[in-house]
Amino acid sequence: MTQSLEVPTKEFCLDWTMDGANGGRVHFTLSGQVSLLDGKRFYKVDGVLYIADGSAYCREIGNPRLHVRRNGVEETGRQWGWETISSRKSANRLCTMDGYFVRTGYWAPADRSIQLGIVAEHGITRRRSHSPTATIRLVD
């Protein structure tokens with residue numbers, strides 16, 4: 001694959017704060033860039049998930065395992081469906097190392113936007129919390 005020069009790279013940033021039971025907070029940031037490749041036939045998401053603030057309180061929020069998910073939006077408004085695009089990392093692990101990820105996928109002619117979000121899984125039951133989403137419009 002070669003990178004298409006027709007559509008510029010779009011940057012994204014998503015901030016999410018999780019509150020603990022005793023007033024502690026952990027602030028996560030998801031940032032990176034999305035681009036279309038090979039004549040708009042493929043997309044590439046290149047990003048990083050990290051703790052921006054409050055790393056001392058990871059245990060207070062239950063030390064969740066976090067991962068990044070993506071969804072696509074077509075011209076009609078129809079969505080592809082959410083899919084995990086990064087490995088799961090515990091919040092304690094994110095205190096010492098950022099979670100980098102790269103994902104490529106097929107981009108259909110009807111596709112217009114990509115949505116990205118953070119998911120936190122808690123405990124044995126893997127109860128999930130979802131961040132707000134960031135929508136990156138790639139085609140007008």
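**Exercise 1. Work out which residues Asn71 touches, leaving out those up to four places away in sequence, and how its side chain is held.**

Step 1. Start with the contact list. In this predicted model, Asn71 touches Gln79, Trp80, Gly81, Trp82, Ser113, Ile114 and Gln115, once residues up to four places away in sequence are set aside.

Step 2. Place the residue. Asn71 belongs to strand E4, and Asn71 is buried, with a relative accessible area of 1%.

Step 3. Look at the side chain. Asn71 and Gln79 are joined by a side-chain polar contact of 2.6 Å. The Asn71 side chain also reaches the backbone nitrogen of Gly81, at 2.8 Å.

Step 4. Check the backbone too. Asn71 and Gly81 are 10 residues apart along the chain, and their C-alpha atoms are separated by 5.4 Å.

**Exercise 2. Now move to Ser113: find its strand, decide whether it is buried or exposed, and find its polar partner.**

Step 1. Ser113 sits in strand E8.

Step 2. Its relative accessible area is 5%. The cut-off for buried is under 20%, so Ser113 counts as buried.

Step 3. For the polar partner, follow the side chain: Ser113 makes a polar contact with the side chain of Arg137, at 3.5 Å.

Step 4. Round off with the neighbours. Not counting residues up to four places away in sequence, Ser113 touches Asn71, Gly72, Val73, Trp107, Thr135, Ile136, Arg137 and Leu138. Asn71, from the previous exercise, is one of them.

**Exercise 3. Count the aromatic pairs, then classify the pair of Tyr43 and Trp80 and the pair of Tyr43 and Trp107.**

Step 1. Know what to look at. A pair of aromatic rings is described by how far apart the centres are and by the angle of the planes.

Step 2. Do the count: there are four aromatic pairs.

Step 3. Take Tyr43 and Trp80. Their centres are 5.8 Å apart and their planes are at 35°. Planes under 30 degrees apart would be stacked and over 60 edge-to-face, so this pair is tilted.

Step 4. See what this pair connects. Tyr43 is in strand E3 (residues 42-53), while Trp80 is in the loop between strand E4 (65-74) and strand E5 (83-84), and the two are 37 residues apart. Tyr43 is buried at 1% relative accessible area, whereas Trp80 is partly exposed at 25%.

Step 5. Now take Tyr43 and Trp107. The pair is edge-to-face, with 6.4 Å centre to centre and 65° between the planes. Trp107 lies in the loop between strand E7 (99-106) and strand E8 (111-122) and Tyr43 in strand E3, so the pair ties together parts that are 64 residues apart in sequence. Both Tyr43 and Trp107 are buried.

Step 6. Put the pairs together: Tyr43, Trp80 and Trp107 are linked by ring pairs into a cluster.

Step 7. One more ring deserves a look. Trp82 has the charged end of Arg69 over its ring, 3.8 Å from the centre.

**Exercise 4. Find how many salt bridges the whole structure has, and describe the one between Glu83 and Arg70 and the one between Glu75 and Arg112.**

Step 1. Searching the whole structure gives eight salt bridges. Among them is Arg25 with Asp19, whose closest N and O atoms are 2.8 Å apart.

Step 2. Glu83 and Arg70 meet through their side chains at 3.3 Å, N to O. This pair links strand E5, home of Glu83, with strand E4, home of Arg70, across 13 residues. Glu83 is partly exposed at 30% relative accessible area, but Arg70 is buried at 8%.

Step 3. Glu75 and Arg112 form a salt bridge of 3.5 Å, N to O. Glu75 is in the loop between E4 and E5, Arg112 is in strand E8, and they are 37 residues apart. Here Glu75 is exposed at 58% relative accessibility, while Arg112 is buried at 12%.

Step 4. Look for shared partners: salt bridges join Arg70, Glu83 and Arg103 into one network.

**Exercise 5. Describe the largest nonpolar core: how many residues does it have, and which element gives the largest share?**

Step 1. The core has 30 residues, and Phe28, Leu30, Val45, Leu66 and Leu116 have the most contacts inside it.

Step 2. Elements giving two or more residues include strand E1 (10-19), strand E2 (25-37), helix H1 (91-96) and strand E10 (134-137).

Step 3. The largest share comes from E2, with five residues.

Technical notes: Residues are numbered from 1 along each chain as its sequence is written. This is a predicted model: local features need pLDDT of at least 70, side-chain atom pairs count only at pLDDT 80 or more; totals for chains, interfaces and linings use all residues. Side-chain values use heavy atoms; hydrogens and water are left out. Rings of Phe, Tyr and Trp (its six-membered ring) pair if their centres lie within 6.5 Å; planes under 30 degrees apart count as stacked, over 60 as edge-to-face and the rest as tilted. Helices (H or I, at least four residues) and strands (E, at least two) are DSSP runs, numbered from the N terminus. Buried means under 20% relative accessible area, exposed over 50%, partly exposed in between (1.4 Å probe, protein chains only). A charge sits over a ring if NZ of Lys or CZ of Arg is within 6 Å of the ring centre and within 35 degrees of the ring normal. A nonpolar core is a set of buried Ala, Val, Leu, Ile, Met, Phe, Trp, Tyr and Cys residues joined through side-chain atoms within 4.5 Å. A polar contact is a pair of N or O atoms within 3.5 Å; within protein, one must be able to donate a hydrogen and the other to accept it, and residues adjacent in sequence count only if both atoms are side-chain atoms. Contact means heavy atoms within 4.5 Å. A salt bridge is a side-chain nitrogen of Lys or Arg within 4 Å of a carboxyl oxygen of Asp or Glu.
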